[in-house]
Amino acid sequence: MLPSQALLPAVVFALTALRALASDTFLAAVYEHAVILPRPSQEPVPASDALALMNRNMDVLEGAIKEAAQQGAHIIVTPEDGIYGWRFTRESIYPYLEDIPDPAVDWIPCTDPSRFGPAPVQERLSCMARNNSIYVVANIGDKKPCDSSDPSCPRDGRYQYNTDVVFDTQGKLVARYHKYNLFRSETQFDYPKEPEAVTFETPFGKFGIFTCFDILFYEPAVVLVSKMQVDTVLFPTAWMNVLPFLTAIEFHSAWAMGMGVNLLSANTHNTSMAMTGDGLFTPEGAAAYHYDSDTEEGRLLLAELSAHPRLSPSYPPAINWSLHATSIKKFPGENDTFLGTVRKDIFTFRELRHKDGNYTVCQGDLCCHLVYQISNKSRDEVYVLGAFDGLHGSLIKYHWQICTLLKCPSTNLSTCGQPVETAQTKFEMFSLSGTFGTRHVFPEVLYSGVQLAPGEFEVLRDGRLKSKHGMSKPLVTATLFGRLYEKDQPHPLRISL
């Protein structure tokens with residue numbers, strides 16, 4: 001007979017599994033972490049110093065994990081760079097890396113920590129999951145040796161990967177994902193040779209995982225949803241907010257709605273880097289979200305989500321994103337347009353000069369249509385309808401199609417497209433649509449103060465983004481954000497891989 005202490009984790013796991021199986025929902029948590037950063041250095045620090053810093057961050061994460069577990073959460077996602085930060089060269093990050101094996105090895109680091117060499121970070125994360133009977137998702141660094149027989153092997157004889165890991169309620173490593181789309185400043189890491197579509201099954205649904213910049217690309221983001229048919233995506237991120245379309249909460253909420261899955265988005269928190277905004281997002285909108293650009297504090301969020309959203313009665317129907325817009329004739333005055341810039345992208349804009357109207361703006365193959373009524377117009381505020389159809393990005397170029405109703409920072413039309421967070425004008429209604437050449441379109445509505453508008457807008461089957469019953473707050477932007485993945489240019493840094 002096993003001692004009672006040995007039986008306890010198994011009993012807790014069984015009860016957790018039964019509780020999850022008894023319902024079509026699960027309790028999810030994300031933690032926005034104010035990361036304790038190392039001092040910038042070009043050279044590696046001693047391994048003991050690196051571990052000391054990582055343990056300071058893991059102390060904070062462990063507190064959040066315990067609190068989430070005590071509230072009944074089945075899974076918690078922590079941020080990208082959440083254990084050691086991001087101020088590194090390729091050489092200086094090395095002491096923070098561990099060898100992370102393929103999950104097929106069936107390994108519980110908490111009970112067998114030295115099986116694959118020193119792995120104190122994996123051991124501690126595994127024990128956090130095991131001791132609290134909760135799935136734990138974290139972002140750490142993986143190192144893999146290579147030699148001259150591999151033509152792609154770096155000069156220092158190793159690959160270094162930005163890596164997500166998942167430990168189940170027993171502390172077992174069940175998923176490992178190497179970030180495929182590195183952001184331009186991630187020179188400390190290597191690109192994987194091939195994209196990974198990482199999934200794993202739980203008693204409360206099928207999960208997939210990728211990291212931050214990955215969300216903007218076909219591989220792995222669309223592959224996981226469309227081909228692997230995951231129910232929920234785990235999303236560690238270190239997202240720097242960029243208005244008017246790419247703040248964390250608006251785009252991540254829009255992506256979950258456009259792709260029809262749950263997205264558990266955990267962001268780092270650093271106001272000097274414009275990093276904030278995490279949430280639990282569903283096909284119907286935000287279940288919970290947080291955005292705080294004023295304080296330096298972390299935040300734990302929890303929400304009950306559908307384990308199998310595609311089977312939910314409220315699951316949104318399939319949408320033909322161009323149906324309504326292609327049926328509309330161009331309205332008079334379409335030539336009354338001007339060009340403006342949104343982060344180097346040249347948009348075609350048209351000013352909304354009346355309190356209500358029908359407007360059309362076209363660029364390339366995209367025509368955007370807007371019907372609107374303003375209930376409370378502020379004299380010193382200007383709104384425009386904008387269209388963009390083209391490649392975005394400097395080094396890595398990918399194709400956007402965007403229809404947007406947005407507020408300008410001032411009455412000077414040359415400012416239209418520049419970031420703005422606040423507004424006073426309220427819209428009674430709006431209906432925005434476009435002749436999109438893609439089925440991958442993400443609907444966004446952002447209120448004054450960088451707030452979402454859950455429950456106050458809908459997307460009709462014919463592709464119209466439409467307000468429901470008036471708008472409770474002043475509008476900053478309403479956007480349909482389309483991605484034509486097939487028009488993306490080849491990745492310049494992958495050609496030699």
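This report walks through selected strands, helices, loops and spaces of a predicted model.

## A hairpin: strands 6 and 7

Strand 6 covers residues 199-202. One face of strand 6 is covered, with F200 and T202. The other is uncovered, with T199 and E201. Strand 7 takes in residues 205-209. The two strands pair in the antiparallel sense over four bridges. In that pairing, E201 has K206 of strand 7 as its bridge partner. Two residues make the hairpin connection from strand 6 to strand 7.

Beyond strand 7 comes a loop that leads to helix 4, and C212 lies in this loop. The phi of C212 is positive, near 40 degrees, although C212 is not a glycine. C212 has 8% relative accessibility, so it counts as buried.

## Helix 4 and its surroundings

Helix 4 spans residues 218-227. Its buried residues are P220, A221, V222, V223, L224 and V225. What do the buried residues of helix 4 pack against? Their partners are strand 5 (173-178), strand 6, strand 7, strand 8 (232-237) and helix 5 (248-259). The hairpin strands 6 and 7 are thus among the elements that meet this helix.

The backbone has two notable details here. P220, a residue of helix 4, is joined to E219 by a cis peptide bond, with omega about 5 degrees. Q229 follows the helix and has a positive phi, near 55 degrees.

## N262 in strand 9

Strand 9 runs over residues 262-267, and N262 belongs to it. Is N262 buried or exposed? Its relative accessibility is 1%, so N262 counts as buried. Its side chain makes a polar contact of 3.1 Å with the side chain of T232.

Setting aside neighbours within four places in sequence, N262 has a list of further contacts. D231, T232 and V233 are among them. F281, T282 and P283 are also included, as are L305, S306 and P309. F26 is another contact of N262.

## The loop from strand 22 to strand 23

Strand 22 (457-459) and strand 23 (465-467) are linked by a loop that holds D462. G463 is in this loop too. D462 has 15% relative accessibility and therefore counts as buried. G463 is buried as well, because its relative accessible area is 0%.

Which residues does D462 touch, not counting residues up to four places away in sequence? They are N320, S322, L323 and H324. G463, leaving aside neighbours within four places, is in contact with I319, N320, W321, L432, S433 and L480. The C-alpha atoms of G463 and W321 are 4.0 Å apart, while 142 residues separate the pair in sequence.

## A seven-strand sheet

Seven strands build an open sheet with antiparallel pairing, in the order 13-14-17-18-24-20-21. Strand 13 (338-342) and strand 21 (451-452) are the edges; each has a single partner strand, so one side of each has no neighbour in the sheet.

At one end of the order, strand 20 (residues 441-447) pairs with strand 21 through two bridges, in the antiparallel sense. There, Y447 stands opposite Q451 of strand 21.

## Pocket and cavities

The largest pocket has a volume of about 880 Å³. It is lined by 31 residues, and those closest to its centre are F183, R184, F213, M240 and R343. By class, this lining has 17 nonpolar, five polar and nine charged residues.

How many cavities of 30 Å³ or more does the structure hold? There are four. The largest cavity holds about 60 Å³ of space. Its lining consists of V242, L243, P244, F245, L246, V342, R343, D345, H392 and W400. Seven of these residues are nonpolar, one is polar and two are charged.

P244 lies in the loop between strand 8 and helix 5. The peptide bond from L243 to P244 is cis, with omega near 10 degrees. Both L243 and P244 appear in the lining of the largest cavity.

## One more positive phi

D81 sits in the loop between strand 2 (75-77) and helix 3 (120-132). Phi of D81 is near 60 degrees, a positive value in a residue that is not glycine. With a relative accessible area of 7%, D81 is buried.

How values were computed: Residues numbered from 1 in each chain as written. Predicted model: local features only at pLDDT ≥ 70, side-chain atom pairs only at ≥ 80, totals over all residues. Heavy atoms only, no water. Buried < 20%, exposed > 50% of the residue type's maximum accessible area, 1.4 Å probe, protein only. Pairing = 2+ DSSP bridges. Polar contact = N/O pair within 3.5 Å; in protein donor to acceptor, adjacent residues only side chain to side chain. Contact = heavy atoms within 4.5 Å. 1 Å grid on protein atoms, 1.4 Å probe; cavity = no way out; pocket = protein on both sides within 12 Å on 5 of 7 lines; lining within 4 Å. Points joined across faces, edges and corners; volume = space filled by probe spheres on them. Nonpolar A, V, L, I, M, F, W, Y, C, P; charged D, E, K, R; others polar.
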